[in-house]
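Trainee: I have a model open and would like to go through its sheets and its ligand site. Could we take them one at a time?

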Amino acid sequence: MKVLFNDFANDPIELREAQARAAKEVIDSGWYVLGPKVEQFESAWAQYCGVAGCAGVANGMDALEIILRCRKIGPGDEVITTGMTAFATVLAIMRVGATPVFADIDPDTALLDLVSAEAMITSKTRAIILVHLYGQMKHMRAWKALCDLKGIDLIEDCAQAHGAKEEGIGAGGWGVAGAYSFYPTKNLGCIGDGGAIVSNDRDLIVRAKQIRNYGQANRYEHVEFGLNSRLDEIQAAILLERLKFLDFFNFRRANIADAYRSTLENKYGVRLLERNPFSVCDVNHLFVICVNSPDAMIKELAASGIQALRHYPIPCWQQSALNGSVKSDYLSTLTHASSAISLPLNYNLDDIRLASMLRALDDVNWYQI
Ligand SMILES: *Cc1c(COP(=O)(O)O)cnc(C)c1O
């Protein structure tokens, strides 16, 4: 039996039909970019995240770049982040001309470590981009206190945390703004590229809407150098339909993660990440385990038809695009990069496939991995 990492073709029939109807409605409406569906989605997403406003943009990387621009962060400024993230987080910092500065992760969660990040703050530091990696939110009150104390911006990379909350405050509601990606594999995805900025700062949202559309304040009146980073009506219409399923999908992800945990808890040589006791603090974007030989494990699972991946095998500072310009060397990040593998955790994994997956995990010769 094949278990794919993502399996959109198996989306519930109700969802697939609703998406087709929504797309047809947009096509028939004759209005395709930044229109009523985008506005409707922006209000729905702001409300879901519990924030004052939302600006739809073209993707998650642009969302981060636009937030940095809104906060006037650029050349000469340093932005602290984690080496254990999608490289897009770092690219956004580079795109505004700022300098990425890395800090180590907490090995229990693979999230940015607060003590390590604090040690990297200098007079040039303008912001910390905190990534809610794998769907986890942790110690937000402490992060907010640290940034307030140091007078720097807390920016949330929420690309993996749709629906996550800590102390009742949603991802993106703690910092000056949060960046979401709706790439298909995210907890809330569209059928192409999409992204959003959420914030409690209404002025920031107004400015973000200006930047996403060539820096126009009014039509043909360009008050700053902007981008072309617009969300289109079909993606917004699809997102409105998929949003209705988000809580259900996150619930299913939590069930699957629990099943993995009970099967793997006492296996030799496997290390699980810390379990957050509050399900809303972890929306289980990925289920990551650490083993000695990740590639051997991926091969062994592939032999049983199971697709596993690695997030992320190379710390960002080691990416050759950076030409060694950013020197970092953090033990916890390096250890995680060389041991982490992600098991299939999509909401479409039905009970039969899940059972076969759990059996395959039971059959692995853990002493040899
Ligand atoms: C996916 C992702 C991004 C980038 O989003 P895109 O929509 O692909 O540009 C940024 N940060 C993290 C943590 C991500 O997982």
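Trainee: In what order do the strands of the open sheet of three strands run?

Mentor: Keep in mind that this is a predicted model. The pairing in the three-stranded sheet is antiparallel. Its order is S12-S13-S14.

Trainee: Which are the edge strands there?

Mentor: An edge strand of this sheet pairs on one side only. That applies to residues 271-272 and to residues 340-343. The edge strands are therefore S12 and S14.

Trainee: Which residue of S14 is the bridge partner of Cys-290?

Mentor: Strand S13, residues 287-290, pairs with S14 in the antiparallel sense over four bridges. Cys-290 has its bridge partner in S14. That partner is Ala-340.

Trainee: What angle does the direction of helix H9 make with that of S13?

Mentor: Helix H9 covers residues 246-264 and packs on the sheet. It touches S12, S13 and S14. The angle between the directions of H9 and S13 is about 20°.

Trainee: Now the open sheet of seven strands: what is its order?

Mentor: The pairing in this sheet is mixed. The strand order is S1-S9-S8-S5-S4-S2-S3.

Trainee: Why is one side of S1 and of S3 left without a neighbour in the sheet?

Mentor: Strand S1 spans 53-57 and strand S3 spans 99-103, and both stand at the edges. One side of each has no neighbour in the sheet because each has a single partner strand.

Trainee: Which residue in S9 stands opposite Ala-179?

Mentor: Strand S8 (residues 177-181) and strand S9 (residues 195-199) pair in the antiparallel sense over four bridges. Ala-179 has a residue of S9 opposite it. That residue is Ile-197.

Trainee: What angle does the direction of helix H2 make with that of S1?

Mentor: Helix H2, residues 36-49, packs on the sheet. H2 touches S1, S8 and S9. Its direction and that of S1 make an angle of about 130°.

Trainee: On to the ligand: how many residues surround it?

Mentor: The closest are Gly-60, Asp-157, Gln-160, Ser-181 and Lys-186. The residues that surround the ligand number 13.

Trainee: How far is a polar side-chain atom of Ser-181 from an oxygen atom of the ligand?

Mentor: Polar backbone atoms also lie by ligand oxygen: one of Gly-60 at 2.8 Å and one of Met-61 at 2.9 Å. For the side chain of Ser-181, the distance is 2.7 Å.

Trainee: What percentage of the ligand's accessible area does the protein cover?

Mentor: On its own, the ligand has 380 Å² of accessible area. The part of it covered by the protein is 88%.

Note on methods:
Residues are numbered from 1 along each chain as its sequence is written. This is a predicted model: local features need pLDDT of at least 70, side-chain atom pairs count only at pLDDT 80 or more; totals for chains, interfaces and linings use all residues. Side-chain values use heavy atoms; hydrogens and water are left out. Two strands pair if DSSP finds at least two bridges between them. Helices (H or I, at least four residues) and strands (E, at least two) are DSSP runs, numbered from the N terminus. Contact means heavy atoms within 4.5 Å. Axes are lines fitted to C-alpha atoms, for helices over the stretch in contact, and angles run from 0 to 180 degrees between N-to-C directions. A residue is near a molecule or strand if one of its heavy atoms lies within 4 Å of it. A polar contact is a pair of N or O atoms within 3.5 Å; within protein, one must be able to donate a hydrogen and the other to accept it, and residues adjacent in sequence count only if both atoms are side-chain atoms. Accessible areas come from the Shrake-Rupley method with a 1.4 Å probe; for residues, only the protein chains shown count as cover.
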